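Pull up the viewer and let's walk through this one together. We'll start with the overall layout and work inward from there.

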Amino acid sequence: MELNLTDKVAVVTGGSKGIGLAVAEALGREGARIVVGSRSETPQLADLRERYDVTFVPVDLARADGADLLIQAATDRHGRVDVLVNNVGAASPRASFLDIDDAEWERALNLTFLSAVRASRAALPHLLADGGGAIVNISSVNARLPFPTVVDYSAAKAALSNLTKALSEEFAPRGVRVNAVAPGPVRTPFWTDPGAFADAVAAGAGSTADEALNEVVPRQMGISTGRITEPHEVADLVVFLASPRAGNITGAEFLIDGGQIKTT
Ligand SMILES: NC(=O)c1ccc[n+]([C@@H]2O[C@H](COP(=O)([O-])OP(=O)(O)OC[C@H]3O[C@@H](n4cnc5c(N)ncnc54)[C@H](OP(=O)(O)O)[C@@H]3O)[C@@H](O)[C@H]2O)c1
């Protein structure tokens, strides 16, 4: 399917690895010009820069000025913004709600929710001035399935899903569509980094991290397909939503969870 994204300028937050990297690659394949913001560049992102029109902007999106710096870098380089993918977010395994102090709540809300508020606020004037465009927010099944082990992250994702709807209402009449993608577990460093969720599940199940991801998580989480999601599968959905082919889709949230969420 021709997605009509050639030469569109797309900003991806947190695109040096995982889902963001896969989104940047999928956008690159479609001929878009991509601006990626993250704290550091990975070899995989450097490789992407060799193959596609990708600009890397080193930026800490947990800082209040991070999103402005990223959007400014995109407009300095390309003079416009057509697509914003609010992808950055992070979570840590939690033992109990009682262990999370104010500073940690603020950290979770800041990176996983406020970064998207700030990037959208910085990008929207450009999207509007350049004839419309699209924002895709990477939410999570945890927006509607709030696990106690990620209670702060779940609340931040619920806020992001809520923001998606509010922005879609305000800006659809002016040509900007805003949608969300809500993945279940996806095979990224979010899970596979040492000490991250695969290790935590493995410790509880007495398995290896690989077994945790491939067998324990799908079973424990009731994933109907029997497997977790791959980053490129999320990317394909994001790129479709970002494209003019999804021209009358706005204010929607799409699960990509292998059937984990059982309610309608
Ligand atoms: N993986 C899953 O199972 C899953 C499921 C549902 C939703 N999600 C959501 O999908 C999004 C991407 O997740 P992922 O699994 O791809 O995560 P990931 O593999 O941990 O990658 C996170 C990306 O964000 C960047 N990042 C982290 N902190 C940053 C900061 N302060 N400033 C700028 N960049 C920062 C990282 O680069 P640097 O470290 O270099 O900054 C990296 O590029 C997140 O919003 C996550 O909540 C993931």
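The C-alpha centres of domain 1 and domain 2 sit 25 Å apart. Keep in mind that you're looking at a predicted model. According to the domain assignment, domain 1 covers 9-184 plus 229-253, while domain 2 takes in 191-228.

Next, find the sheet. Seven strands make it up, and it's an open one: trace them in the order β3-β2-β1-β4-β5-β6-β7, with parallel pairing. At the edges you'll find β3 (54-58) and β7 (253-256), each of which pairs on one side only. On average, neighbouring strands of this sheet are turned by 15° against each other, ignoring direction.

Want a spot to zoom in on? Try strand β5 (residues 133-138) and strand β6 (residues 176-183), which run parallel and are joined by six bridges. Here I135 stands opposite V178 in β6.

Now for the helices that go with those strands. Helix α1 packs on the sheet, where it touches β1 (9-13), β2 (33-38), β3, β4 (83-86) and β5. The direction of α1 makes about 170° with that of β1. Helix α4 (residues 102-129) lies across β1, β4, β5 and β6, and runs at about 175° to β4.

Let's move on to another pair of helices. Two packed helices are described by the angle between their axes and the distance between the axes. For helix α7 (residues 197-205) and helix α8 (residues 209-220), the axes come within 8 Å and cross at roughly 80°. An angle of 65 to 115 degrees counts as roughly perpendicular, so that's how α7 and α8 are placed relative to each other. On the α7 side, the contact is made by A198, D199, V201, A202 and A205; α8 brings A209, E211, A212, L213, V216 and V217. Sort the contact of α7 with α8 by class and you get nine nonpolar residues, no polar ones and two charged.

Finally, the ligand. How many residues surround the ligand, and which are the closest? There are 28 around the ligand, and the closest are G14, G18, R39, G89 and F190. The elements that give two or more residues to this shell are α1 (18-29) and α6 (189-192), so you meet α1 again here: the helix that packs on the sheet also helps surround the ligand. By class, the shell around the ligand has 14 nonpolar, eleven polar and three charged residues.

Notes:
Residues are numbered from 1 along each chain as its sequence is written. This is a predicted model: local features need pLDDT of at least 70, side-chain atom pairs count only at pLDDT 80 or more; totals for chains, interfaces and linings use all residues. A residue is near a molecule or strand if its C-beta atom, placed from the backbone, lies within 6 Å of it. Helices (H or I, at least four residues) and strands (E, at least two) are DSSP runs, numbered from the N terminus. Ala, Val, Leu, Ile, Met, Phe, Trp, Tyr, Cys and Pro count as nonpolar, Asp, Glu, Lys and Arg as charged, and the others, Gly among them, as polar. Two strands pair if DSSP finds at least two bridges between them. Axes are lines fitted to C-alpha atoms, for helices over the stretch in contact, and angles run from 0 to 180 degrees between N-to-C directions. Two residues are in contact if their C-beta atoms, placed from the backbone, lie within 7 Å. Domain bounds come from an automatic or database domain assignment. Angles under 35 degrees count as roughly parallel, over 145 as roughly antiparallel, 65 to 115 as roughly perpendicular and the rest as oblique.
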